[in-house]
Amino acid sequence: MENFTNSTIDINQLPRFEEVEFQKLQPNYGKVIFINLIIVFTILAGGATVLHFVVEKISNEMLYIWIALAVLFGLVLFFSRLSFLKKGFAFREHDVLFRSGIIATNTIIIPYNRVQHVALHEGWLSRYFGLAKVEIFTAGGSSSDIEIPGIEKEQAEKIKQLVMGKIQQKL
């Protein structure tokens, strides 16, 4: 017990994640988001159209339903675009960072020594644009702790290899 020390850490000397330069998601990922929104709102508009022909009592209110759908589409499009612009990621020597959020910015920092495995996913639309999503998992959960979408497939594969290499180093 003679060698035990418990010195105070100067918190001013700690590295600041706010100073990290985050990489933006690929611009084509904005197109993926937009196309997905178009698909969802086309389905909603189709449902509203079917509703119009099935339920005769709401024929007069259809204009309000279409206006509500248009306003909702505009709001979702605006906030999706804003969210896309605020997302970013960074890989440092000892950890990975992911930033997201519209009103409140969330930054997730996961040290490599906590990572259990990493996965690479491509949706059909993302694959068309040459994009992939990297998912990083830590112990104790069935879902990923960080999902970084909108990365070029080649870069995503390099990121996966980097993280897998860091996992191998800790073993």
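**Figure 1. Salt bridges of helix 4 in the predicted model.** At 28% relative accessibility, K153 counts as partly exposed. The residue forms a salt bridge with E157, and the closest N and O atoms of this pair are 2.9 Å apart. E157 is likewise partly exposed, at 34% relative accessibility. Both K153 and E157 belong to helix 4 (residues 153-170), where they are four residues apart, about one turn of the helix. An α-helix has 3.6 residues a turn, so residues three or four places apart point the same way. The pair is part of a network of salt bridges that links E122, K153 and E157. In total, the structure holds five salt bridges.

**Figure 2. Salt bridges of K133 with E135 and E147.** K133 forms a salt bridge with E147, with 3.7 Å between the closest N and O atoms. Since K133 lies in strand 6 and E147 in strand 7, the pair ties together parts that are 14 residues apart in sequence. K133 also forms a salt bridge with E135, for which the closest N and O atoms are 4.0 Å apart. The three residues can be described by their accessibility as follows.
- E135 is buried, with a relative accessible area of 9%.
- K133 is partly exposed, with a relative accessible area of 26%.
- E147 counts as partly exposed, at 39% relative accessibility.

**Figure 3. The open sheet of strands 1 to 4.** Four strands form this open sheet in the order 1-2-3-4, with antiparallel pairing. Strand 1 (23-24) and strand 4 (106-111) stand at the edges; each has a single partner strand, so one side of each is left without a neighbour in the sheet. Strand 2 (residues 88-91) pairs with strand 3 (residues 95-100) in the antiparallel sense, over four bridges. Within this view, F89 stands opposite F98 in strand 3.

**Figure 4. Surroundings of S100 in strand 3.** S100 lies in strand 3. With 17% relative accessibility, the residue counts as buried, the cut-off for this class being under 20%. Leaving aside neighbours within four places in sequence, S100 is in contact with K87, T105 and N106.

**Figure 5. Helix 1 and the elements packed against its buried residues.** Helix 1 (residues 27-54) has 28 residues. The helix reaches 41 Å from its first C-alpha to its last, close to the 40 Å expected at 1.5 Å a residue. Its buried residues are Y29, G30, V32, I33, L37, F41, A45 and A48. These buried residues pack against two other helices, helix 2 (62-86) and helix 3 (124-128), and against two strands, strand 6 (131-138) and strand 7 (146-152).

**Figure 6. A nonpolar surface patch that includes F78 of helix 2.** The patch has an area of about 730 Å². Its members are L63, Y64, I67, V71, L75, F78 and F79. Of these residues, F78 is shown here as one located in helix 2.

**Figure 7. R16 in the segment before strand 1.** R16 is found in the segment that precedes strand 1. The residue is partly exposed, with a relative accessible area of 47%. R16 and Q155 are 139 residues apart in sequence, and their C-alpha atoms are 26 Å apart in space.

Key:
Residues numbered from 1 in each chain as written. Predicted model: local features only at pLDDT ≥ 70, side-chain atom pairs only at ≥ 80, totals over all residues. Heavy atoms only, no water. Pairing = 2+ DSSP bridges. Buried < 20%, exposed > 50% of the residue type's maximum accessible area, 1.4 Å probe, protein only. Expected span 1.5 Å × (residues − 1). Contact = heavy atoms within 4.5 Å. Patch = residues over 30% accessible without salt bridge, like charges linked within 9 Å, V, L, I, M, F, W, Y side chains within 5 Å. Areas by Shrake-Rupley, 256 points an atom, 1.4 Å probe, with all protein chains shown as cover. Salt bridge = Lys/Arg side-chain N within 4 Å of Asp/Glu carboxyl O.
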